[in-house]
Amino acid sequence: MEFHAANPEDPGDWLIGEEVVRDGFGRDALRYMDEPSKDGLSADCWDASVKDLDVHYSSGVANHFAYLLAEGSGAKNLGGVAHNSPTCDGSTVTGIGRAKLGKIWYRALTVHMTSSTDYAGARTATLKAAADLYGEGGAEYDAVAAAWSAVGVG
């Protein structure tokens with residue numbers, strides 16, 4: 001939302017809730033989409049233990065996927081905030097931009113996902129959405145596959 005709003009007083013970044021965090025909270029945001037585990041509770045990568053986490057913390061895997069798909073891996077500064085998104089498999093991911101991420105995620109949610117979609121299903125749904133929008137085997141399709149693999153969903 002911050003990127004879309006283009007508010008010079010609060011430039012876009014991938015922090016969630018940084019405006020509501022109070023002094024003494026121990027961190028500067030509620031969630032970090034570039035590296036969700038920076039909050040001390042969220043998962044960066046999928047493994048069997050993710051299913052046992054509170055939904056707010058298990059969503060870190062999808063948040064990390066979204067960040068990687070849009071921005072790619074590695075260090076960068078966005079909105080005056082340092083971001084560094086390591087991958088779970090040591091790979092390098094090249095982002096396709098926030099607009100394409102949004103289109104792929106929206107199509108996946110509205111056409112290919114259901115209320116019972118799990119992470120494997122989300123991978124399938126976003127790959128189908130990327131194929132619908134940009135063609136199977138194109139750069140966007142390959143980036144979706146790479147971003148999911150980078151967070152351990154493959």
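## A tour from helix α5 to the aromatic rings

Select residues 119–134: this is helix α5, 16 residues in length. From first C-alpha to last the helix reaches 22 Å, close to the 22 Å expected at 1.5 Å a residue. Keep in mind that you are viewing a predicted model.

Stay on α5 and show its side chains. Which residues of α5 are buried? They are Y119, A122, R123, A125, T126, L127, A129 and A130. An α-helix has 3.6 residues a turn, so residues three or four places apart point the same way.

Now bring up what covers those buried residues. The cover includes α2 (55–58), α3 (60–71), α4 (98–112) and α6 (139–150).

Next, visit the two ends of α5. At the N-terminal end, select D118, which caps the helix. One of its side-chain oxygens lies 3.3 Å from the backbone nitrogen of A120. Then jump to G135, just after α5. G135 takes a positive phi of about 95°.

Move to the hairpin. Select residues 74–78 for strand β3 and residues 81–85 for strand β4. The two strands pair in the antiparallel sense, over 5 bridges. Pick A75 and look across: N84 in β4 stands opposite. Between the strands are 2 residues. In this hairpin, G79 takes a positive phi near 65°. In a regular strand the side chains alternate between the two faces of the sheet.

Now for the rings. How many aromatic pairs does a search of the whole structure find? It finds 5. Select F3 and W14, a tilted pair with centres 5.8 Å apart and 50° between the planes. F3 is in helix α1 (residues 2–5), while W14 is in the loop between α1 and β1 (15–16). The two are 11 residues apart, and their pair links distant parts of the chain. F3 is partly exposed, at 27% relative accessible area. W14 counts as buried, at 7% relative accessibility.

Keep W14 and add Y67. This pair is edge-to-face: 5.2 Å centre to centre, with 85° between the planes. W14 lies in the loop between α1 and β1 and Y67 in helix α3, so the pair ties together parts 53 residues apart in sequence. Y67 counts as buried, because its relative accessibility is 0% and the cut-off for buried is under 20%.

Next, select F65, W105, Y119 and W148. Ring pairs link these four into a cluster. Y119 is also one of the buried residues of α5.

Finish with two charges over rings. Return to F3 and add R98, which lies over the ring face at 3.7 Å from the centre. Then select K100 and Y134: the charged end of K100 sits over the Y134 ring, 5.4 Å from its centre.

Technical notes
Residues numbered from 1 in each chain as written. Predicted model: local features only at pLDDT ≥ 70, side-chain atom pairs only at ≥ 80, totals over all residues. Heavy atoms only, no water. Helix = DSSP H or I, 4+ residues; strand = E, 2+ residues; numbered from the N terminus. Expected span 1.5 Å × (residues − 1). Buried < 20%, exposed > 50% of the residue type's maximum accessible area, 1.4 Å probe, protein only. Contact = heavy atoms within 4.5 Å. Polar contact = N/O pair within 3.5 Å; in protein donor to acceptor, adjacent residues only side chain to side chain. Pairing = 2+ DSSP bridges. Phe/Tyr/Trp six-rings, centres within 6.5 Å; stacked < 30°, edge-to-face > 60°. Lys NZ or Arg CZ within 6 Å of the ring centre and 35° of its normal.
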